[in-house]
There are 2 protein chains.
Amino acid sequence: MIDALIRRIDALKNPTVVGLDPTLEMIPGYLKEEMFAKYGKTPEAVAEMFLAFNTAIMDAVKDIVPAVKPQIAFYERFGIAGLAAYEKTAALAKEKGFIVIGDIKRGDIGSTAAAYAAHIGGTEIEGETFDLWHEDFITVNPYLGVDGIKPFVDACNAADKGIFVLVKTSNPSSGELQDKLVDGRPVYLRVADLVSEWGKDSMGELGYSRVCAVVGATHPEEGERAREALPHTFFLVPGYGAQGGKAEDIRRFFDKDGRGCIVNSSRGIIAAYRKSEKYGEKDFAAAARDAAIAMQKDLLG
Amino acid sequence: MIDALIRRIDALKNPTVVGLDPTLEMIPGYLKEEMFAKYGKTPEAVAEMFLAFNTAIMDAVKDIVPAVKPQIAFYERFGIAGLAAYEKTAALAKEKGFIVIGDIKRGDIGSTAAAYAAHIGGTEIEGETFDLWHEDFITVNPYLGVDGIKPFVDACNAADKGIFVLVKTSNPSSGELQDKLVDGRPVYLRVADLVSEWGKDSMGELGYSRVCAVVGATHPEEGERAREALPHTFFLVPGYGAQGGKAEDIRRFFDKDGRGCIVNSSRGIIAAYRKSEKYGEKDFAAAARDAAIAMQKDLLG
């Protein structure tokens, strides 16, 4: 799957992933009214809005963007109905040809991580395997060390899927723990060393491992150091746009062939219609396409 | 809610939480057959098994155990149907008088953590607040630092709920990251310092903060050091029993009044019927009760 992701990025000449992180605030008024009228002011109504919103955006960018990254928290906030919209979004995304990165940041002790690994490895019931989540990659949290990660790595290898391990996150306080020095080396580079070790037996054909890393665009120096430490690790780069990350900084995270990263934008694309007077509410998907094209140009420089 | 938890433990003289972490393997054969016959070999069938299994166990221990802790991964493994069983388990647990600790270990950047905080803070739709997850406490991951934690703390304070922040986990490789020394102080104690800081304005009436910590029973020395660092922090202690943690070790984590901890057992209680020939399959709930009573005696010494 890491090879499929890289090839899809190459084919579209676009290292962009669209973050499908809907909020009630960003849903166009007419869509809100339609669903509240049909389903009442309920989580089910919100789930239907999210699904309609995501579907229109995916259709608007599917020929130019290789991957989508729904952030499960924005669906989990609306309970089971919300999570059903997450699952349907992922299934639809696959149908439309996207690589699906489930941003779930799960992490736990070994036996529990093995349960979470169903996200990419599938779930067996009486000899039959169900793919219940439709994700190609997921994000995972390294705080518990290798036995919380190994079940995910095993699932990656068995099902040819991938994981992105949090190394250096994009948020302002990421340094509170991640930048602390251990024998002169910051925690995030210690985690980078672990990621390298965890991924060394999971290499794809194009020089990158199925065990990938999350490295935020908002901390470019740390990102560059992570790249030096991880020459064979593919990066998911959040923090571009709304969070402040800039294209010229991110360019330093790519390898000499211009590969090695996929850059996420969520609000900057899916809520683009709210940023300019030239768009009406009904133009939200067209605005997302325009924003995705602008991002591609910005990234490729 | 931290006061309610402590009072409930005091009233029952039992600092035990039962981990409701069902697997297909531990479901009694007759229950499996019944649900597979009704719903086919599907996730829906498994969800119904889990719900019937959890309900019987909860009914068997509700007069002696103050709290339950469903681990969401074991439900998420079975997709939306599984998660619906998690949500129903939590709702039933509340009805039966348990304090509900949702073991979800979520953690993300600020805006995303705010979405996850719906687990305890509720979800607002057009001015109405929905409690969609029925949890009183949740577990959270500190790897992203304060801006990933603050939305949870705010939700705790607004809704009088609680969080357990991972400090020192019970798994064998927890030390890979958590024991690394930063200026001579291990990462887990650095996290303990942060937990203390994050929780200082969230104190309950009984001397403990709503911002609590996870400290594994399997690392007793580290647990004792965490207790020294965190005199006003309530501990959720996993790792007792099946994972190897012992009562005499855990006793050192309690305060001088015998308060300050709740100790989890999952498989050791809910799958107790499989450990002794004196139980048949249909005795699974009675076996869980016996195991819970034995654990209480063991812990109180």
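This is a short tour of a predicted model, with a selection to make at each stop.

**Chain A as a whole**

Start by showing chain A alone as a cartoon. The secondary structure there comes to 14 helices and 12 strands. The radius of gyration of chain A is 19 Å, close to the 19 Å that the globule rule gives for 301 residues, so chain A is as compact as a globular protein of that length. Turn the C-alpha trace along its principal axes, and chain A spans about 60 × 50 × 35 Å. Of its 301 residues, 63% count as buried. Contacts in chain A between residues at least 6 apart in sequence reach far along the chain: 73% of them join residues at least 24 apart.

**One loop residue, A:Val65**

Next, select A:Val65. It sits in the loop between helix H3 (43–61) and strand E2 (67–70) of chain A. Is this loop residue buried or exposed? A:Val65 has 0% relative accessibility, under the 20% limit, and therefore counts as buried. Now show what surrounds A:Val65. Setting aside neighbours within four places in sequence, its contacts are A:Leu12, A:Asn14, A:Thr16, A:Val18, A:Phe98 and A:Ala292. For a sense of distance, add A:Glu277 to the selection: this residue is 212 residues from A:Val65 in sequence, and the two C-alpha atoms are 25 Å apart in space.

**Rings and charges**

Stay in chain A and select A:Phe50, A:Tyr75, A:Phe78, A:Tyr86 and A:Trp133, which ring pairs link into a cluster. Then pick A:Tyr30 and A:Lys282. The lysine lies over the face of the A:Tyr30 ring, at 4.5 Å from the ring centre. In chain B, B:Lys282 lies over the face of B:Tyr30, at 4.6 Å from the ring centre.

**The barrel of chain B**

Hide chain A and colour the strands of chain B. Eight of them close into a barrel in the order E1-E2-E3-E6-E7-E10-E11-E12, with parallel pairing. From one strand to the next, the twist averages 30°.

To look at one seam, select E7 and E10 (residues 211–215) of chain B. How many bridges join E7(B) to E10(B)? Five do, and the two strands run parallel. B:Val165 has B:Ala213 in E10(B) as its bridge partner.

Now add helix H8 (residues 146–159) of chain B. This helix lies across strands E3 (99–106), E6, E7 and E10 of chain B, and runs at about 145° to E7(B).

**Two aromatic pairs in chain B**

Show the aromatic side chains. Over all chains, a search of the whole structure finds 17 aromatic pairs. Zoom in on B:Tyr75 and B:Tyr86: the ring centres are 5.5 Å apart and the planes stand at 70°, over the 60° limit, so the pair is edge-to-face. B:Tyr75 belongs to helix H4 (residues 73–76) and B:Tyr86 to helix H5 (residues 79–95) of chain B, so that distant parts of the chain, 11 residues apart, are linked by the pair. Both B:Tyr75 and B:Tyr86 are buried.

For the last selection, take B:Phe137 and B:Phe164. These rings form a tilted pair, 5.2 Å centre to centre with 35° between the planes. B:Phe137 is in strand E6 (residues 137–140) and B:Phe164 in strand E7 (residues 162–168) of chain B, 27 residues apart. Both phenylalanines, B:Phe137 and B:Phe164, are buried.

How values were computed
Residues are numbered from 1 along each chain as its sequence is written. Chains are lettered from A and ligands numbered from 1 in the order in which they are written. This is a predicted model: local features need pLDDT of at least 70, side-chain atom pairs count only at pLDDT 80 or more; totals for chains, interfaces and linings use all residues. Side-chain values use heavy atoms; hydrogens and water are left out. Rings of Phe, Tyr and Trp (its six-membered ring) pair if their centres lie within 6.5 Å; planes under 30 degrees apart count as stacked, over 60 as edge-to-face and the rest as tilted. Helices (H or I, at least four residues) and strands (E, at least two) are DSSP runs, numbered from the N terminus. Buried means under 20% relative accessible area, exposed over 50%, partly exposed in between (1.4 Å probe, protein chains only). A charge sits over a ring if NZ of Lys or CZ of Arg is within 6 Å of the ring centre and within 35 degrees of the ring normal. Two strands pair if DSSP finds at least two bridges between them. Axes are lines fitted to C-alpha atoms, for helices over the stretch in contact, and angles run from 0 to 180 degrees between N-to-C directions. Contact means heavy atoms within 4.5 Å. The radius of gyration is taken over C-alpha atoms; the globule rule is 2.2 Å times the number of residues to the power 0.38.
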